[in-house]
Amino acid sequence: MEPNFAALRKEFPVLERKTYLNSGSYCALANDVKASIEAYMEDRLAVGANWDVWITKNEAVRALTAQLLGAAPDEIAVTASVSAGLNALASSLDFTGKRNKVVISDFEFPTNAQIWHAQEPRGAQVVHVARDATGYIPAEKFAAAIDENTQLVAITHVCFRNGAKLEIPEIVRIARAKGAMVLLDCYQAVGSMDINVKKLDVDFAVGGMLKYLLGTAGIGFMYVRDSFTKSLLPTNSGWFAQADIGAMDITGNHPHPSARRFEAGTPAVVNCYASEAGLKFLLGVGTQNIEKRNQALTRSCMERLVEIGWPSVTPTPDSRRGATVCVPSRDAGALSKELMSRDIVTSHRDANLRASFHFYNNEADIESLIAAMKDLRGAFSPR
């Protein structure tokens with residue numbers, strides 16, 4: 001049964017005042033998430049340091065993230081950010097042998113490129129897979145880059161620059177044939193579509209709570225396939241990565257046997273409150289329902305852009321598109337600012353305006369955007 005999206009929309013007060021199309025940067029704030037942050041403040045005033053409750057919140061985020069991804073809780077590290085998770089993972093890998101290559105794409109967010117380039121002094125060879133003449137990166141381009149020297153294929157699910165979705169199952173198949181591990185950066189995808197890490201057969205997956213997961217900044221996750229939770233030993237560590245966080249042992253490093261060994265220090269407590277609420281809300285709606293709705297909304301937006309003579313650069317097929325529609329502009333920053341003055345919240349990357357949809361958006365939001373874009377076409381469309 002399809003959710004009542006009109007009723008769900010009322011749980012996001014900003015939508016009463018703004019056409020909010022910026023979930024790919026930061027989600028709209030739900031009433032439940034706001035209430036969870038207020039509950040944390042009440043706990044602080046009433047109790048002060050409430051560590052017993054705070055630890056349960058951290059574990060709740062772990063369990064809900066596992067449910068979201070189709071993984072086990074012991075395969076989830078709750079991290080301060082994607083960068084924190086990737087750095088812990090990178091510290092556990094050896095680049096001194098034959099398998100020293102890391103394959104990334106030209107669609108990556110800076111974090112998932114910079115951290116692997118930072119391993120070059122340790123022996124890593126980072127290879128970029130470039131886009132083709134159409135601006136997309138088909139799976140066959142990865143086949144030319146992945147070989148027997150490849151240790152890791154680290155790829156984004158959806159590109160933050162143009163909204164393009166990579167052919168993850170086929171890329172994983174290519175990597176498996178060469179014996180390489182696969183890391184999926186699903187930050188621009190998770191929560192906007194249905195993702196099952198087991199079905200995708202990836203070894204690692206990273207993301208954060210502030211975009212489509214309805215939470216807040218300062219907290220992320222890393223999925224680590226069970227077979228790697230004991231065999232990989234990160235040298236980036238901390239007391240919450242230990243087997244017994246209560247031991248306060250300063251005589252050695254005793255990593256947890258689960259993915260928790262990829263964590264570090266004190267959890268971001270208030271962010272756990274917000275993320276727990278956001279994940280519960282999202283799972284209640286259902287990611288399959290959300291994916292279907294986002295595909296319909298982005299498709300409708302792209303069709304309307306064509307009608308006004310200002311087409312997007314985002315791939316048209318549903319299978320090659322995330323929840324973001326990117327529109328080229330001669331001055332994307334100024335265009336985004338002008339839209340903001342009209343209470344339409346977007347963002348911009350490179351020379352593209354980004355309109356990022358979520359289940360709480362509707363056709364009226366699309367029409368507000370299209371009316372403004374039509375009016376601004378002369379000043380901001382590509383020359």
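The questions and answers below go through ring pairs, charges over rings, cysteines and a surface patch in this predicted model.

Reader: How many aromatic pairs does the structure hold?
Author: A pair of aromatic rings is described by the distance of the centres and the angle of the planes. Rings pair if their centres lie within 6.5 Å. The number of aromatic pairs in the structure is 12.

Reader: Is the pair of Tyr-40 and Trp-54 stacked, tilted or edge-to-face?
Author: The two ring centres are 6.2 Å apart, and the planes of Tyr-40 and Trp-54 make an angle of 45°. Planes under 30 degrees apart count as stacked and those over 60 as edge-to-face. The pair of Tyr-40 and Trp-54 is therefore tilted.

Reader: How many residues apart in sequence are the parts that Tyr-40 and Trp-54 tie together?
Author: Both Tyr-40 and Trp-54 are buried. Tyr-40 belongs to helix H2 (residues 31-46), while Trp-54 belongs to helix H3 (residues 51-69), so their pair ties together parts separated in sequence by 14 residues.

Reader: Which of Trp-239 and Phe-240 is buried?
Author: These two rings form an edge-to-face pair, with centres 4.7 Å apart and planes at 90°. Buried means under 20% relative accessible area. Trp-239 has 32% and is partly exposed. With a relative accessible area of 4%, the buried residue is Phe-240.

Reader: Which ring has the charged end of Arg-293 over it?
Author: A charge sits over a ring if, among other conditions, CZ of Arg is within 6 Å of the ring centre. The charged end of Arg-293 is 4.3 Å from the centre of the ring in question, that of Phe-5.

Reader: How many disulfides are there?
Author: A disulfide needs two cysteine sulfur atoms within 2.5 Å. For Cys-27, which is buried at 7% relative accessibility, the nearest cysteine sulfur is that of Cys-186, 15 Å away. For Cys-326, also buried, at 0%, the nearest is that of Cys-159, 7.6 Å away. Neither Cys-27 nor Cys-326 is in a disulfide, and the count is 0.

Reader: Which residues make the nonpolar surface patch of about 320 Å²?
Author: One member of the patch is Met-248, placed in the loop between strand E8 (220-224) and helix H9 (269-285). Met-248 counts as exposed because its relative accessibility is 56%, and exposed means over 50%. The patch is made by Trp-51, Trp-239 and Met-248.

Conventions. Residues numbered from 1 in each chain as written. Predicted model: local features only at pLDDT ≥ 70, side-chain atom pairs only at ≥ 80, totals over all residues. Heavy atoms only, no water. Phe/Tyr/Trp six-rings, centres within 6.5 Å; stacked < 30°, edge-to-face > 60°. Helix = DSSP H or I, 4+ residues; strand = E, 2+ residues; numbered from the N terminus. Buried < 20%, exposed > 50% of the residue type's maximum accessible area, 1.4 Å probe, protein only. Lys NZ or Arg CZ within 6 Å of the ring centre and 35° of its normal. Patch = residues over 30% accessible without salt bridge, like charges linked within 9 Å, V, L, I, M, F, W, Y side chains within 5 Å. Areas by Shrake-Rupley, 256 points an atom, 1.4 Å probe, with all protein chains shown as cover. Salt bridge = Lys/Arg side-chain N within 4 Å of Asp/Glu carboxyl O.
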